Amino acid sequence: MFDSKPTRQQLYDRIRESSKDAVVLEEMKRLGFWSKNDQSPTIPELLIKQEVELNKEFQQLFNRHRQYQNKEAVLKEMRLKRMAEAKAKREANKKKREQQRFEKAEAWRKQKETEIIYLGEEVSIGLNHTESNVAALQKHQLPVFVNENELALAMGVTLKELRFLAFSRKVSTVSHYRKFYLPKKSGGKRLISAPMPRLKKTQYWILENILNKVAVHQAVHGFTLNRSILSNAQLHVGKKVVLNIDVKDFFPSIHFKRVKGLLQQLGYAEKIATILALLCTEAVTEAVEIDGKDYFVQKGNRVLPQGAPTSPAITNILCYKLDKRLQGLATKHQCHYTRYADDVTFSWNSNDVNAQQMVWRIKNILQDEGFTVHPDKVRIMHTGTRQEVTGIVVNEKLGIDRNKLRRFRALLHQLQTKDAAELMPGVESPANVVIGYANFVKMVKPAQGAAFSKQIDQLFQSGRLQYLVKETPPSPGNNGVPPTPPSQQAGKDDDKPWWNVV
């Protein structure tokens with residue numbers, strides 16, 4: 001039975017798509033006039049098929065040629081096509097970048113939970129160097145940290161808190177230091193940067209577990225165990241000439257890179273050394289108020305802050321080469337040499353030593369080691385004049401300036417009838433002042449110092465003096481701990497910040 005008969009329109013459509021002969025051939029096969037099962041088509045059939053293919057190809061070429069005749073249409077079509085492809089490519093790239101950003105942010109977030117990978121501009125170089133010199137650390141009996149997680153665990157803080165305390169910010173709304181000024185004995189004011197409790201806790205850990213374990217030169221008498229201003233002055237008693245030189249801006253002259261380099265020399269990996277150095281240094285900042293909010297803007301390099309418990313110990317270790325050179329100079333000229341922080345002292349009995357030449361040589365060594373001599377604090381004290389070393393008279397025996405003792409004795413007497421605020425204007429804690437000086441006297445002259453302490457106790461009991469509990473700057477005697485009433489003191493080694501007000 002024959003297939004359904006095509007309509008006229010269908011025949012026209014088929015002829016338009018191929019050719020008349022091809023349609024006739026197909027219809028003959030459909031109606032049975034041409035064998036369908038013949039596997040080898042005859043030549044006329046092949047010619048008809050080839051004609052159909054050629055007609056199709058010719059039609060395509062003709063349409064393309066006709067299309068290209070209208071250049072504007074072709075260009076428009078090409079532009080539209082290119083724009084569509086570009087848009088699709090942009091969309092694909094956008095999705096790809098968004099996916100990459102998401103993956104990168106997720107990886108960064110996960111990495112930050114377990115690592116410290118950035119601590120601010122100009123200080124983060126080397127955080128990928130994590131290998132320590134274990135042999136060097138063991139030589140100094142220092143703790144070894146494989147990574148920052150072990151360091152944070154040893155300090156008793158979280159990794160997040162360790163990053164926060166060590167991060168170096170160009171502009172910040174938070175300051176880890178409380179800054180104030182103390183009057184100098186020689187006049188002027190000294191900027192003190194006292195660390196806030198959380199940072200101070202980590203600095204004390206560094207001091208006790210790392211810095212205090214490193215040996216310092218035997219000429220160092222400041223901020224080191226079993227030595228004091230008393231031992232510093234003892235070596236210079238009874239000398240013909242005592243030469244004292246002060247270093248200008250001692251702590252601020254030690255910058256971040258020197259501290260980091262020191263810690264690396266001790267054996268710590270660059271990453272651990274960077275973290276520790278950031279915890280022990282502070283950038284010079286300026287407080288700015290904008291829209292009622294305080295900002296701290298960095299305007300200088302990171303240096304050792306005067307007031308941090310770690311600063312003196314770091315300088316003592318860093319100055320080992322300086323002390324060795326100065327000791328060599330002293331030995332060569334048969335002199336005695338000691339250093340108490342920024343206070344350099346030489347003394348001798350020989351008549352062959354020229355004091356001015358000695359000053360010149362000491363200045364050159366200090367300058368070569370990165371320090372500057374204070375131009376107004378070079379003192380050459382001969383026999384017959386009062387010779388002082390770190391505030392202690394050393395002419396014949398250890399003593400204290402009589403004028404200062406008389407003034408202090410008068411002050412205690414006046415405090416029995418007058419208010420401390422009236423006698424010591426501008427002093428935030430008069431009790432701390434008198435306690436500190438009484439302890440100093442007790443260290444040099446125990447009997448006289450004990451008498452002073454007894455008087456101060458009586459002033460406390462009568463209410464004439466009130467103890468102010470506050471955070472005080474570290475000194476050789478208290479390491480930042482507020483002084484206690486004299487009845488609880490044990491002759492601590494206090495420095496001289498309070499003398500100028502007595």
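This tour visits a sheet, the helix that lies across part of it, a histidine in a loop and two cysteines. The model is predicted.

**The sheet.** Begin by selecting strands S7, S8, S4 and S9, which in that order form an open sheet of 4 strands. The pairing is antiparallel. At the edges are S7, covering residues 336–340, and S9, covering 372–382, each of which pairs on one side only. From one strand to the next, the twist averages 15°.

**The S7–S8 pair.** Next, restrict the selection to S7 and to S8, residues 343–348; these two strands pair in the antiparallel sense over 5 bridges. Within this pair, display Thr338, which stands opposite Thr345 in S8.

**The helix across the pair.** Now add residues 320–332, helix H13, which lies across S7 and S8. The direction of H13 is at about 155° to that of S7.

**The histidine.** Move to His217, located in the loop that links helix H8 (197–209) with helix H9 (229–234). Is His217 buried or exposed? Its relative accessible area is 8%, so His217 counts as buried, the cut-off being under 20%. Select its contacts beyond four places in sequence: Arg227, Tyr320, Asp323, Lys324 and Gln327.

**The cysteines.** Finally, select Cys280 and then Cys335. Cys280 has a relative accessible area of 2% and is therefore buried. Cys335 is likewise classed as buried, because its relative accessibility is 9%. How many disulfides does a search of the whole structure find? The search returns 0.

Technical notes:
Residues are numbered from 1 along each chain as its sequence is written. This is a predicted model: local features need pLDDT of at least 70, side-chain atom pairs count only at pLDDT 80 or more; totals for chains, interfaces and linings use all residues. Side-chain values use heavy atoms; hydrogens and water are left out. Two strands pair if DSSP finds at least two bridges between them. Axes are lines fitted to C-alpha atoms, for helices over the stretch in contact, and angles run from 0 to 180 degrees between N-to-C directions. Contact means heavy atoms within 4.5 Å. Buried means under 20% relative accessible area, exposed over 50%, partly exposed in between (1.4 Å probe, protein chains only). A disulfide is a pair of cysteine sulfur atoms within 2.5 Å.
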